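Here's a walk through a protein and its DNA, one piece at a time. Have the structure open while you read.

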Amino acid sequence: MAKGHWLMKSEPKVYSIEDLERDGEAPWTGVRNYEARNTMRDEMRKGDLVLFYHSSTTPPGVAGIARVSREAYPDFTAFDRDHPYFDPKSNPDAPRWHMVDVEFVERFPAVVTLQALRELEELEDMVLLNRMRLSVQPVRPEEFERIVELGRGTS
DNA sequence: GCCAACGTTGGC
DNA sequence: GCCAACGTTGGC
């Protein structure tokens, strides 16, 4: 089975690639969208590579690479009444939300901006550019490679 | 801060 | 099961 490629969004004010670099590894808490959850729960496998996207910032874009380090398990922040991601409809006996852990791989010297991605014809079918609100999404291997080249400044 | 896009909820 | 109202995301 070929290695999977994904893109995951985070607001850097909440959790940035710099935070992941410092921490080394982190649980991807707080996804409260079914499609994004299903992707994490059903499709993401240990070792898969992830584009780490910074959203709601200036400029938005891909900041680096992470790797799935633990496959899906219940998002415990949903059980914690005092946590901002608390969801009363989820509980440990019937967890509604799942997440993966990711580990730091690489931070790009410069963010590959959303604007730059939009300018490339070969990326026009990217889920990112067509379903702007989906926070965990698949990326084609060739799209992934192209963005990594841009991020490393090697193209 | 605005607001378009769009996912979710809940009344019926 | 439809769909209007509502809430959230996320670019600008």
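How far does a backbone N or O atom of Tyr34 lie from a phosphate oxygen of DNA strand B? The distance is 3.3 Å. Keep in mind that this is a predicted model, so every value here is computed from predicted coordinates.

## Around DNA strand B

Tyr34 has company at this strand: Asn33, Lys89, Arg131 and Arg133 are the other residues around DNA strand B. Sorted by class, that surface has one nonpolar, one polar and three charged residues. On the DNA side, 56% of the strand B atoms within 4 Å of the protein belong to sugar or phosphate, and the rest to bases.

Two more polar contacts are worth a click. Asn33 puts a polar side-chain atom 3.3 Å from a sugar or linking oxygen of DNA strand B. Arg133 goes for a base instead, with a polar side-chain atom 2.2 Å from a base oxygen of DNA strand B.

## Around DNA strand C

Now switch to the other strand. DNA strand C is surrounded by Lys9, Tyr53, Ser55, Ser56, Pro60, Leu114, Arg118, Met132 and Arg133. These residues split into four nonpolar, two polar and three charged. Of the strand C atoms within 4 Å of the protein, 72% are sugar or phosphate atoms, and the rest belong to bases.

Which side chains reach a phosphate oxygen of DNA strand C? Lys9 is one of them, with a polar side-chain atom 3.1 Å away from such an oxygen. Arg118 is another, with a side-chain N or O atom 3.2 Å from a phosphate oxygen of DNA strand C. Arg133 turns up here too: an N or O atom of the Arg133 side chain is 2.8 Å from a base oxygen of DNA strand C. Arg133 is therefore listed around DNA strand B and around DNA strand C.## The sheet

What order do the six strands take in the open sheet? Reading across, they go β2-β5-β4-β3-β1-β6, with mixed pairing. β2 (25-27) and β6 (136-138) stand at the edges with a single partner strand each, so one side of each has no neighbour in the sheet. Neighbouring strands are turned by 35 degrees against each other on average, direction ignored.

Now for the pairings. At one edge, β2 runs antiparallel to β5 and is joined to it by three bridges, and Ala26 has Val102 of β5 as its bridge partner. Val102 also stands opposite Val68. β4 and β5 are antiparallel too, with 10 bridges between them; Pro74 and His98 of β5 are one of the facing pairs. Six bridges link β3 to β4, again antiparallel, and Leu51 is partnered with Ile65 of β4. At the other edge, β1 (residues 5-10) and β6 run antiparallel with three bridges, and Met8 stands opposite Val136 in β6.

## The β3-β4 hairpin loop

The hairpin of β3 and β4 has six residues between its strands, and there are a couple of oddities to look at. Ser56, in the loop between β3 and β4, has a positive phi of about 50 degrees although it is not a glycine. Ser56 is also among the residues around DNA strand C.

The other oddity is a cis peptide bond, which joins Thr58 and Pro59 with an omega of about -10 degrees. Pro59 lies in the loop between β3 and β4 as well.

## Helices and salt bridges

Helix α2 (residues 34-43) lies across β1, β4 (61-74), β5 (98-113) and β6, and runs at about 110 degrees to β5. Helix α5 (residues 141-152) lies across β1, β3 (49-54), β4 and β5, at about 45 degrees to β5. Tyr34, whose backbone contacts a phosphate oxygen of DNA strand B, falls within the residue range of helix α2.

How many salt bridges does the count come to? It comes to 13. One of them pairs Arg22 with Asp19, where the closest N and O atoms are 3.2 Å apart. Both residues lie in helix α1 (residues 17-23), three residues apart, or about one turn of the helix.

Conventions. Residues are numbered from 1 along each chain as its sequence is written. Chains are lettered from A and ligands numbered from 1 in the order in which they are written. This is a predicted model: local features need pLDDT of at least 70, side-chain atom pairs count only at pLDDT 80 or more; totals for chains, interfaces and linings use all residues. Side-chain values use heavy atoms; hydrogens and water are left out. A residue is near a molecule or strand if one of its heavy atoms lies within 4 Å of it. A polar contact is a pair of N or O atoms within 3.5 Å; within protein, one must be able to donate a hydrogen and the other to accept it, and residues adjacent in sequence count only if both atoms are side-chain atoms. Ala, Val, Leu, Ile, Met, Phe, Trp, Tyr, Cys and Pro count as nonpolar, Asp, Glu, Lys and Arg as charged, and the others, Gly among them, as polar. Two strands pair if DSSP finds at least two bridges between them. Helices (H or I, at least four residues) and strands (E, at least two) are DSSP runs, numbered from the N terminus. Axes are lines fitted to C-alpha atoms, for helices over the stretch in contact, and angles run from 0 to 180 degrees between N-to-C directions. Contact means heavy atoms within 4.5 Å. A salt bridge is a side-chain nitrogen of Lys or Arg within 4 Å of a carboxyl oxygen of Asp or Glu.
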